[in-house]
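Biologist: Walk me through this model, please. Keep the answers short.

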Amino acid sequence: MDHVDKILTQWQRERPDLDVAPMGTLGRVKRLHQCLMRRMDQTWAVYGLNDSSFDVLATLRREGAPYALSPSDLMASTMVTSGTMTHRLQQLEKAGLIERVKNPADGRGFLISLSEKGLALIDEAVAAHVATQAELVSGLSDEQRVQLDELLKQFLAGLEST
């Protein structure tokens, strides 16, 4: 019996008229998310990053050379508001991890680009992040992980289509 089972047992005792099975699924997903984020936060902190700064730097890095995107493309990729993105970019620019460069396709606009320091940092951080992720899923066999991926993909597809 895990922590969620104890909660479900209490609800079943107190409210037998309710089907609390979905509470178990969602409670475990929530607890899993919290555990995963704690571990990944620890990895990012080694590099002076958090989930937000890692997200921006990783988005630029996986874009490929020259590791640059327009602010609107960066916002769309990271799914945050303009104000949130502006704050993140200011912090990363202050740390010397990104630069604003003229957009060669549009002289009026600019791109957000990884600086040399930012590229070196994200390359190290993403390697550590991938190692942490591998460690986090190591309790599952490859077959179980594939099965879980398929179930989560199906679950998300149902929620994101509504």
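Modeller: Contact means heavy atoms within 4.5 Å. Domain bounds come from an automatic or database domain assignment. This is a predicted model: local features need pLDDT of at least 70, side-chain atom pairs count only at pLDDT 80 or more, and totals for chains, interfaces and linings use all residues. Residues are numbered from 1 along each chain as its sequence is written, and side-chain values use heavy atoms, without hydrogens or water.

Biologist: How many residues of domain 1 are in contact with domain 2?

Modeller: The assignment gives domain 1 (1–47) and domain 2 (49–134). On the domain 2 side, eleven residues take part. On the domain 1 side, the number is eight.

Biologist: Which three residues supply 75% of the area that domain 1 buries against domain 2?

Modeller: Buried area is the accessible area (1.4 Å probe) that two parts lose on being put together, summed over both. Between the domains it is about 870 Å², with 67% from carbon and sulfur atoms. The three that supply 75% of domain 1's share, more than any other three, are Thr43, Trp44 and Tyr47.

Biologist: Are the planes of Trp44 and Phe54 stacked or edge-to-face?

Modeller: Rings of Phe, Tyr and Trp (its six-membered ring) pair if their centres lie within 6.5 Å; planes under 30 degrees apart count as stacked, over 60 as edge-to-face and the rest as tilted. One aromatic pair results. The centres of Trp44 and Phe54 are 5.2 Å apart and the planes at 25 degrees, so the pair is stacked.
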